[in-house]
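Here are some comments for a colleague who is starting to read structures of this kind. Please keep the model open beside the text and look up each residue as it comes up.

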Amino acid sequence: MNYLNGVNDMPLSELLNYLMDKPIDFHDQRYLVNREREIESLNKIALYQPFGIYGVAGETGIGKSTVLNFVRAKDVFIRMINISLRESMESILYDLVYNLSKSLEDEPKISQKAKEIANRLSEEVSIIKGFSLGFSMVASANFNIQKNQIPRFNFYAAKESLRELIQLVTNVKGKFALIVDELDKEKKEDVLRILDSLKKELIFDNFVVILSLPYSIYREYGLDRLRWNESGNLENIFKDIVFLSPLNKSDIKELLVKRLSNYIEIIQNDVFDIAADFSDGNPRDAIWIMNKTVFENVNETKLERKHILSTIDKIIKEYYADQLFLTDNQKLALDRLRNFEGPRDKAVEVLRDSGMKRTTAYSIIEQLLNKKILIKRNSLIMMSGKFRYIKNA
């Protein structure tokens, strides 16, 4: 293949078009794998729950944006917005209200108020940003200014604007479901503070808000809901949280095969199995390692086992070099547990059968879990697929 001459006669390059990580929407729903239950739950929340704050949680790349794209409950007015302004709790609120206003500017009986609020917020942010830029430029010249002269986000006015918008939409449209994506990328503390402060504004009859959330919030919510975390109050914020579990290996393989169905004849079957193993149940990781493998072997006529193994070996040794410094006992444990999947006590027994003391075995397993070489899923210990194929791991 000669890129300089614009000649592309190698079929592997075409695979890259199907190996880009982006949320699936209705246009590409044929690529959706094993998320029907979670999508059904979210649509039932939008349709039947009278009001409340709900969440979607899971590790990064697991598919939260995808399932949110499929919330389309019949006879429910739905708007989906993304959060992009993340400098502070106040800026998150401004971004939320501004984006909601902009999304409503074409709606009859709502557009005038929506445009008014969007314009007001835009002017305030411009003033604050302009002041901040000017202040930073003169700060080195010992420029001083009183605190009360510094323009700030008007948090309370923004809260009232949000309340006005929600009430107007529910009055005009009836049942309203607001989908807010990208909050899972914010600090847990900021997300909780802003939601706690907005509870009054977000509790309306006929209004449901569904948010993407950091996994850490789901963990804490579960403990709080079951009264194992007596200091928490997340049940006072969230009515419920839908959790996206990692997919199993067959699901990940199906996902990849669906994307690359037109190129099966040039991909060795083992490649899909190894990519699924590498992913540890995360679709983003599976797509990423396939993309890297194709890209590094784009001049080949067929994608083979040796190609993906070489790519994994290179990536892990480059990105996870620190984790690969192992003691003799850790190396022995990895050799014995490379294909193990079971409870911790069984893993300890496997290592004891190899001559390791019980206390040492427990300690080694904990060390490897901390290194993320071993992972724990549903109370089972297993070796991460990212390290399974590394020769000296």
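**Notes on rings, charges and a cavity**

1. A good place to begin is Arg-30, whose charged end sits over the ring of Tyr-31, at 4.4 Å from the ring centre. Please bear in mind throughout that this is a predicted model, and that the distances discussed here are computed from it.

2. The ring of Tyr-31 should be looked at again with Arg-259 in view, since the charged end of Arg-259 also sits over this ring, in this case 5.6 Å from its centre. Tyr-31 therefore has the charged ends of both Arg-30 and Arg-259 over its ring, each being within the 6 Å that is allowed between the charge and the ring centre.

3. Turning to rings that meet other rings, the structure holds 12 aromatic pairs. One of them joins Phe-155 and Tyr-156, whose ring centres are 6.1 Å apart and whose planes stand at 85 degrees, so this pair is edge-to-face, the term used for planes over 60 degrees apart. The two partners differ in their surroundings, because Phe-155 has a relative accessibility of 12% and counts as buried, whereas Tyr-156, with a relative accessible area of 65%, is exposed.

4. A contrasting arrangement is found for Tyr-215 and Tyr-218, where the ring centres are 6.4 Å apart and the planes are at 20 degrees, so that the pair is stacked, as planes under 30 degrees apart are. Both residues belong to helix 9, which covers residues 215–225, and because they are 3 residues apart in this helix, about one helical turn separates them. Tyr-215 is partly exposed at a relative accessible area of 34%, and Tyr-218 likewise counts as partly exposed, with 26% relative accessibility.

5. Ring pairs can also join up into a group, and here they link Phe-77, Phe-176 and Phe-207 into a cluster.

6. How many cavities of 30 Å³ or more are there? The count comes to 1, and the volume of the largest cavity is about 80 Å³. Its lining draws at least two residues from each of helix 4 (89–103), strand 3 (176–181), helix 7 (188–197) and strand 4 (207–213).

7. It is worth finding the lining residues of the largest cavity in the model, among them Ile-83, Ile-92, Leu-96, Leu-178, Val-180, Ile-194, Val-209 and Leu-211. When the lining is sorted by residue type, it divides into 12 nonpolar residues, with no polar and no charged ones.

Note on methods
Residues numbered from 1 in each chain as written. Predicted model: local features only at pLDDT ≥ 70, side-chain atom pairs only at ≥ 80, totals over all residues. Heavy atoms only, no water. Phe/Tyr/Trp six-rings, centres within 6.5 Å; stacked < 30°, edge-to-face > 60°. Buried < 20%, exposed > 50% of the residue type's maximum accessible area, 1.4 Å probe, protein only. Helix = DSSP H or I, 4+ residues; strand = E, 2+ residues; numbered from the N terminus. Lys NZ or Arg CZ within 6 Å of the ring centre and 35° of its normal. 1 Å grid on protein atoms, 1.4 Å probe; cavity = no way out; pocket = protein on both sides within 12 Å on 5 of 7 lines; lining within 4 Å. Points joined across faces, edges and corners; volume = space filled by probe spheres on them. Nonpolar A, V, L, I, M, F, W, Y, C, P; charged D, E, K, R; others polar.
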